[in-house]
Structure formats: C-alpha cells, structure tokens
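Work through the exercises below with the sequence and the 3D structure open. Each task is followed by a solution in steps.

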Amino acid sequence: MSKEFSYWEYASYLKGIDVLIIGGGIVGMSAALHLKRKSPKARVVVVERDPFSAGASTKNAGFACFGSPTELLDDLETMSEGEVLGLVERRFRGLSYLRQLLGENEIDYQASGGVELFAPNDNDSWSNTVEKLDYLNRILFEITKSETYKVLSEIPAWKGKIRFTKGIVNVLEGAIDTGKMHRRFSDLLRSESVEFFHGMNVKSIEEVSDGVEVNWGNGYSKVSQVFVCTNAFAKQLVPSLDVRPARNQVIVTAPVEGIPDQGTFHYDKGYVYFRPIHGRILLGGFRHMDRLTESTDEFGLTDTIQHMLEAFLYEYLAPETTPIEYRWSGILGLGPDKTTIVKSVSPRIHVGVRMGGMGVAIGSEIGRELSKLWIC
Ligand SMILES: Cc1cc2nc3c(=O)[nH]c(=O)nc-3n(C[C@H](O)[C@H](O)[C@H](O)COP(=O)(O)OP(=O)(O)OC[C@H]3O[C@@H](n4cnc5c(N)ncnc54)[C@H](O)[C@@H]3O)c2cc1C
C-alpha cells in the first residue's frame, strides 16, 4: 500500500528542519536536548521508528555501572592499562552527568553498589580476582578518589538451589529505573520544545550541496544537519561504520519473597546480570554462549538462551515454582573494541553510535559531545 506524505504534512512537519536526529534512544534524546540548548531558535526534531524506542534504551537492565573486577581484568588482557582506565573514566563521569542532567529522584537512582558474585565452583576465578584487587583499586583511585572494590563479608541471600559463596562489591555503582529515565528525557525534550515523531523509519540519507536529503520511504525532504544516533543499526544509514549488532535476552519473574530489595549483580565477567526490581528478579545475558545466533539486529527470543536464563534463575536466584512474567530482547551496538564512534562523516552528517553494554553510563555524555560537532 502506498501512503505518500500529503502537502500538509510536508508543509507543517517535514520542511524547515534545521537539525534532524535519527534514533530516539538515550544518545539521540541527549543530543537533541543539548543541540536545542545550544541554539534555542533552531528547529530540532528527533525521529524514531518505534512506539517508544527499540534498540536498547528501553530494553536494558538499568545498571548504573562502570566495570566489574573480572570484566576489567579481562579487558586488561587485550587493552593497555591506559585504554582501560580511559573507558572507566568515561563511564564514571558519564554516570555522574546522567544523574545531574535528569535528577536522581526522577530516574529512581539507587546508590546500591554493584556486586560481582562467585559460585562455589568458581575458585580459580575468585582467587585470581582477589589477588589483583589491590592493584585494581590502586589504578582506579585516580578516577574515583576512593576505594572502589571491597570483598563482601556477607553474601546477599538469593532463593535458588545453589548459594553464591563469595562476592566483591563496587561501592560506587548503582541502579536506575530504565523506563523512568526514558520518560524523563521525553518530558525534558517536550518542555524544551524539541519535536519528537515516532513511527518514522528513515531509509537513507544523502548529503547534497545545500543540505541532507532524507528518504522517508514514503517521500523525501531536505534538512540542514543530520545526527545519526541509531547505534546497533548504524550501518543501514552509514555503511562505512564498523558497528556490529548483538542481541541480549532478558526475563523478569513474578514477585519473589525474601530476595535483596535493591542492588545490581553480575556473574561471569558481566555476561550474566541480575537485579531485584519491584520485588521481582530481572535476569539477562548468556549472549556469549551462542555468539553466532546472537550476532543479529533482529529482535527475538531463542530456546537456547531462554533455557540458560531459566536454568540459572532456578539454580541460583529463585524457587523453581517462580513464574516468568516478562521476556524480551534488545540490541547492543558493538565494535572491534569497546570504544564509541562520535564524529562527523561529512560536513552535515554526524554520528554517535557503538555504545556497547554501558550506554546508560555514557549515553547522555555522548549526546552532549555530539552537540559540539554542530557549528551553528
Ligand atoms: C538487554 C540489554 C541490557 C542492557 N543493560 C544495560 C545496563 O544495565 N547498563 C548500561 O549501561 N547499558 C546497558 N545496555 C546498553 C544500553 O542500553 C545501550 O548502550 C544504550 O541504550 C544505547 O543507546 P543508543 O541511544 O545509542 O541506542 P538505542 O537505544 O538502540 O537507540 C537507537 C534507536 O534508533 C532507532 N532507529 C534505528 N534505525 C532507525 C531508522 N532508520 N529510522 C528511525 N529510527 C531508527 C531504534 O529504533 C532505536 O530506538 C543494555 C542493552 C541491552 C540490549
């Protein structure tokens, strides 16, 4: 069915856009806010193809984290100390900026700490991590100005068949309510007169002499500047970018009695993550156990990952009778390393993509950085 835009739609909505932001996730919304603040008279418009946002920003786990000890030790195997510290610093500062920008109460920020848990059979990984904890604390001190990691004397009681026996807490991590964060961004955009259109799927963009031509699928229009904030889907609009999609599956149970009331928890270098949320358990991960299938930008649930999530849930976290009430997937944007891409690919087209697994931490700061690319 052909559904071309009308004359009225062109005249009222599509003409006269100064800055178009494609993608309504954390990065796109933050970029829009900062671009509008930079030039209040400009017409700044965000377009998003989904009802809310559909990539990662409304699908994530809400961990306000900047690195578990096993993850950082793993990174140090392939990256220099300076590179790893650069990543940590960016996330640490990004989290502080997110809280300042949106307000801690508005996003239900909980300074709950982030705990890495170890199971009884994880002895090697435990002793290797504990041995290097002083070293990690020493190098992180420059950034956090306090002792970041501590060995837990008491392990939080989960309700599965097997007990976690050891844990290390990152005392500076926390949690947010992902939905509230997204709503808060939307409210701010509305109150600062940024326009936001949903259901708009941009097919292609092309810089021409006096602007950027946007192919909407059912018509074309010209805008002055474009910011591509489509993360995992970036290659579709800018094929030269090295961004690889990775699906992540998540479940949320019915309420479970007697679990911790707050906190964020990691297992296995951060590949498995869980937290209590409103008396329920949110659990996600295991992408690394089926990398080939999960290297996709298609949303969906698979038996393989769902069985792994269920097995872990009942072994470690909840009684076997606990129903699972929500299941979903989201798509991460990864690269050959953990760096982000923030750059202009031409005078009028700018990109801010490849947020990896820490977009909550860095997304709002990346939006602010992007706005600096516009010379208005
Ligand atoms: C399951 C899961 C759990 C996670 N947990 C955490 C966590 O606990 N802590 C953390 O820090 N990070 C976490 N992340 C990562 C974090 O959510 C992301 O890094 C972050 O949300 C990326 O934000 P973004 O704005 O760059 O991209 P996205 O949120 O993916 O936004 C991009 C948007 O662009 C839209 N789009 C794409 N193509 C087009 C087009 N052609 N036209 C119009 N719109 C388009 C998409 O619909 C999408 O809404 C998690 C991710 C997933 C998937």
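The exercises deal with salt bridges in this predicted model.

**Exercise 1.** Find which residue forms a salt bridge with R37, and explain why the pair ties together parts that are far along the chain from each other, giving the separation in residues.

Solution.
- Step 1: The partner of R37 is E192, and their closest N and O atoms are 2.7 Å apart.
- Step 2: This meets the cut-off, because a salt bridge needs the nitrogen and the carboxyl oxygen within 4 Å.
- Step 3: R37 belongs to helix 2 (residues 26-38), while E192 sits in the loop between helix 7 (178-191) and strand 8 (195-198), so the bridge ties together parts 155 residues apart in sequence.

**Exercise 2.** Decide whether D75 is buried or exposed, and do the same for K338.

Solution.
- Step 1: D75 and K338 form a salt bridge, with N and O 2.9 Å apart.
- Step 2: D75 lies in helix 3 (residues 69-78) and K338 in the loop between strand 17 (324-334) and strand 18 (341-346), so parts 263 residues apart in sequence are tied together.
- Step 3: Buried means under 20% relative accessible area; D75 has 5% and is therefore buried.
- Step 4: K338, at 36%, is partly exposed.
- Step 5: The two residues also belong to a network of salt bridges together with E71.

**Exercise 3.** Classify the accessibility of R244 and of D242.

Solution.
- Step 1: R244 and D242 form a salt bridge, the closest N and O atoms being 3.1 Å apart.
- Step 2: R244 has a relative accessible area of 42%, so R244 is partly exposed.
- Step 3: D242, with 32%, is partly exposed.

Terms used:
Residues are numbered from 1 along each chain as its sequence is written. This is a predicted model: local features need pLDDT of at least 70, side-chain atom pairs count only at pLDDT 80 or more; totals for chains, interfaces and linings use all residues. Side-chain values use heavy atoms; hydrogens and water are left out. A salt bridge is a side-chain nitrogen of Lys or Arg within 4 Å of a carboxyl oxygen of Asp or Glu. Helices (H or I, at least four residues) and strands (E, at least two) are DSSP runs, numbered from the N terminus. Buried means under 20% relative accessible area, exposed over 50%, partly exposed in between (1.4 Å probe, protein chains only).
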